[in-house]
Amino acid sequence: MPILHPTYEAVLYYSGSIVTTVFRNIIYEQMFTRDLSENIQKKSNWTAGQFGQIAWEAYGAAFRRMTIFQQISVAKLSHGLWNTGAQKQLYGQDPDGLCPVCNQELETVNHIVQCNHHTATSLRQQLIEDISDELCLLGTPGAAVRSFIAGITWWLLHSENPCPTAPGFGSILSVEVWSTAAYAEQTSLGWGQAFFGRISKLWGDIFLKDNKSTSTKAHTGWTKGVIKCLWDASFRIWTHRNEALHGKTITEQAQIKETALHNNIQEAYEMHRANPTIIGASAQHLFDKSMETLLQKQRQYKLCWLRSVSVAIKHQQCETDKLRKQAARFFGTKCPPQETTSSPQRTSNPSTLSPKQDRRLPTEDISSPHSYNLRSNRRRACLSAEESDGYVIPPAMFDDTSESSYSWSGQLDVRLQCDSNITPTELQALADDDGYWTRLSQKYRK
């Protein structure tokens with residue numbers, strides 16, 4: 001540890017020396033480089049050795065020369081975060097997720113740059129020619145240009161076939177040997193990664209060896225130019241895809257938006273026609289007008305109508321869910337049928353049930369009048385608690401020969417008290433109470 005100056009309050013050390021500038025870059029590098037590199041290796045199926053073969057220094061130099069908006073686009077491109085149909089399907093924004101150019105396959109990042117539609121194929125062929133011209137302008141050796149273009153062409157146009165060998169394979173020329181080695185290493189890394197800017201360091205080494213130079217700055221400068229050229233080609237493919245999805249001109253964009261709006265309105269009318277209860281009674285006026293009349297309105301009016309319908313549907317769903325929860329708390333959970341018993345069972349008064357005791361739901365339709373026809377079922381014993389709406393009714397209740405005074409209050413069965421004769425003393429007491437019948441007649445007269 002070196003001796004600090006007495007006036008220093010804090011000092012940043014890096015690789016055994018004091019850092020006086022670019023604090024932010026060094027701190028960010030120490031905090032995020034390891035996690036970021038592990039994430040890239042995992043997503044790209046690379047080893048740590050393969051990760052070190054990429055020209056990251058030139059990649060960073062090209063990245064820093066862009067605006068903040070371009071950097072965001074490059075970051076999404078490099079990490080496969082384009083808002084493709086597959087991503088929309090994953091988050092429920094698009095049930096199909098088809099490519100807007102061909103409308104046949106699921107749209108992924110690789111599909112966007114490999115779509116077989118004739119317009120996409122023509123664009124990629126033009127991009128390959130532009131990349132070849134740009135490599136020549138950068139002073140790239142001819143053998144390196146042929147090898148690089150061969151790999152890019154295979155990945156963009158013929159990726160369904162096995163990767164071919166390098167054009168200079170088997171040659172004893174130095175530049176051909178270097179180009180073949182770079183081609184093989186890039187093939188192991190992935191030509192798709194090269195198209196997204198992650199190219200091997202060996203391509204820059206070919207440029208230095210051919211120019212008999214050892215300048216690291218020249219290596220970084222040439223590689224940075226190639227990476228920017230590849231990013232421009234990727235963005236042109238993404239722009240072509242967006243034009244197919246959203247329209248190329250202002251008129252086409254407005255027409256596509258209007259068509260999508262009309263489709264949403266038609267879907268809303270079809271939902272209401274199939275089930276009018278998707279919205280409450282207070283919002284039924286939204287569908288008083290015919291769909292043809294609504295489609296003739298201005299765009300702002302139709303957008304407001306759609307928002308109102310969406311809010312009404314969500315409100316009705318919330319109210320329905322609330323009522324379902326209340327019904328579940330009141331009726332309880334459905335219990336399995338109980339075994340039939342031949343002996344009478346005791347039951348509790350419904351008003352004295354414990355709060356923790358659940359009511360049992362009947363398995364049959366209890367709203368039918370036949371379910372309450374006890375006379376037709378009086379000879380049949382209750383098979384389960386569900387037949388009595390949650391309360392077990394003993395078979396003895398429906399037995400005419402039973403001398404029972406079954407009580408719904410939950411008391412035990414007692415014998416009928418009329419089996420014994422009334423004593424003369426009891427008859428005399430009833431006869432002497434003249435006011436009893438008078439009070440009873442007044443009660444019913446009221």
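**Helices, cysteines and surface of the predicted model**

Thr 180 makes contact with Ala 166, Gly 168 and Phe 169, residues up to four places away in sequence being left aside. The structure described here is a predicted model. Thr 180 belongs to helix α9, which runs over residues 174-189. With a relative accessibility of 18%, Thr 180 is classed as buried, because the limit for burial is set at under 20% relative accessible area.

The chain as a whole contains 17 helices and 2 strands. It comprises 446 residues, of which 31% count as buried. Among contacts with a separation of 6 or more, 58% are made by residues 24 or more positions apart. The accessible surface of the chain amounts to about 29,600 Å², and carbon and sulfur atoms contribute 55% of that area.

Two further helices were examined for their length and cover. Helix α8 consists of 16 residues, 142-157. At 1.5 Å a residue, a span of 22 Å is expected for α8, and the C-alpha atoms at its ends are 22 Å apart, in agreement with that value. Helix α8 is mostly covered, with 13 of its 16 residues buried.

Helix α15 is formed by 33 residues, 299-331. The expected span of α15, again at 1.5 Å a residue, is 48 Å, and the separation of its end C-alpha atoms, 48 Å, agrees. The buried residues of α15 are Lys 302, Trp 305, Leu 306, Val 309, Ala 312 and Ile 313. The cover over these buried residues of α15 includes α13 (250-274) and α14 (291-295).

The cysteines were considered next. The structure holds 0 disulfides. Cys 99 takes part in no disulfide, and the nearest cysteine sulfur, which belongs to Cys 102, lies 3.8 Å away; this pair therefore does not qualify, since the sulfur atoms of a disulfide must be within 2.5 Å. Cys 99 is buried, its relative accessible area being 2%. Cys 136, by contrast, is partly exposed, with a relative accessible area of 48%.

On the surface, Phe 23, Ile 27, Tyr 28, Met 31 and Phe 32 make up a nonpolar patch of about 500 Å². Phe 32, one of the residues of this patch, is located in helix α1, which covers residues 23-44. The relative accessible area of Phe 32 is 43%, and the residue is accordingly classed as partly exposed.

Notes: Residues numbered from 1 in each chain as written. Predicted model: local features only at pLDDT ≥ 70, side-chain atom pairs only at ≥ 80, totals over all residues. Heavy atoms only, no water. Helix = DSSP H or I, 4+ residues; strand = E, 2+ residues; numbered from the N terminus. Expected span 1.5 Å × (residues − 1). Buried < 20%, exposed > 50% of the residue type's maximum accessible area, 1.4 Å probe, protein only. Patch = residues over 30% accessible without salt bridge, like charges linked within 9 Å, V, L, I, M, F, W, Y side chains within 5 Å. Areas by Shrake-Rupley, 256 points an atom, 1.4 Å probe, with all protein chains shown as cover. Salt bridge = Lys/Arg side-chain N within 4 Å of Asp/Glu carboxyl O. Contact = heavy atoms within 4.5 Å.
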